[in-house]
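Please open the model in your viewer and keep the sequence panel beside it, since each stop on this tour begins with a selection.

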Amino acid sequence: IHVNPDGDALGSALGLLKLLNNMGHRCSVISPNEYPDFLNWMPGNDKVLNFVETPGRVKELLQKADLVFALDFNEPKRISEVYDDFTAASAHKVLIDHHPDPQDFTDCMLSDTSASSTAELVFRFINESGFRQYVDADVATCLYIGIMTDTGCFSYNSSNRNTWETVAELLDYGINKDKIYYR
């Protein structure tokens, strides 16, 4: 995720983390630096490694990784000091992002500027990959946070029908949208 991660970056990453954990994979989320305290309650928050605080551990994880997801950034400079370790990693790299003009720095790319958020695209990735049975309330909560925050609580960048269909499907997992909004 990018420097100074927001709700979409963190929600996308933690939603995907929880999904992969549900599939039996061991995963971590790497943040280049701290993120706002109001996001610390999110499911999976204990799996976030702050590069500034643990650069050696981040480097070790990237060196051992089989697969690395680059979420919510369209160019490598947005991950700041993590960039060198990210590019040195021999892992297969997948970009999922909704920002315009993505650079070619990963092996695979899911990029769509019409999406409200990267979280919306992560949910599309889940559906198209056939992983829907691994989605639970924690995954849905994280992805909902990503969509909600990147649309300003649905006040902008939310005119696309796909956004609302995604939100409706996430609500079907029993998430508490009012509690999420309050937090």
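Begin by selecting C153, which at 38% relative accessibility counts as partly exposed. Bear in mind throughout that this is a predicted model. Which cysteine sulfur is nearest to that of C153? With the count of disulfides at 0, C153 takes part in none, and the nearest cysteine sulfur, belonging to C142, is 16 Å away. Now add C27 to the selection: the closest cysteine sulfur is again in C142, at 13 Å from the sulfur of C27, and this is too far for a bond, given that a disulfide requires the two sulfur atoms to lie within 2.5 Å.

Next, select residues 7–22, which form helix α1. This helix has 16 residues and reaches 22 Å from its first C-alpha to its last, close to the 22 Å expected at 1.5 Å a residue. If you colour by accessibility, 14 of the 16 residues of α1 turn out to be buried, so the helix is largely enclosed by the rest of the structure. At the start of α1, display the side chain of D6, where an oxygen comes to within 3.3 Å of the backbone nitrogen of D8. After α1 comes G24, for which phi is positive, near 100 degrees.

From there, go on to two residues with positive phi that are not glycine. Most residues other than glycine have a negative phi. Select S80 in the loop between β3 (67–71) and α3 (83–88), and you will find its phi near 55 degrees, a positive value in a residue other than glycine. S80 is partly exposed, with a relative accessible area of 38%. Then select D101, in the loop between β4 (92–97) and β5 (108–111), where phi is likewise positive and near 55 degrees. Is D101 buried or exposed? Its relative accessibility is 66%, and D101 therefore counts as exposed.

For the last stop, select L121, a residue of helix α4 (residues 118–128). At 0% relative accessibility, L121 counts as buried, and it is worth displaying what surrounds this side chain. Leaving aside neighbours within four places in sequence, L121 is in contact with I96, D97, H98, L110, D112 and A115. To finish, draw a distance from the C-alpha of L121 to the C-alpha of L143: these residues are 22 places apart in sequence, and the C-alpha atoms are 9.5 Å apart in space.

Notes:
Residues are numbered from 1 along each chain as its sequence is written. This is a predicted model: local features need pLDDT of at least 70, side-chain atom pairs count only at pLDDT 80 or more; totals for chains, interfaces and linings use all residues. Side-chain values use heavy atoms; hydrogens and water are left out. Helices (H or I, at least four residues) and strands (E, at least two) are DSSP runs, numbered from the N terminus. Buried means under 20% relative accessible area, exposed over 50%, partly exposed in between (1.4 Å probe, protein chains only). Contact means heavy atoms within 4.5 Å. The expected span of a helix is 1.5 Å times one less than its number of residues. A polar contact is a pair of N or O atoms within 3.5 Å; within protein, one must be able to donate a hydrogen and the other to accept it, and residues adjacent in sequence count only if both atoms are side-chain atoms.
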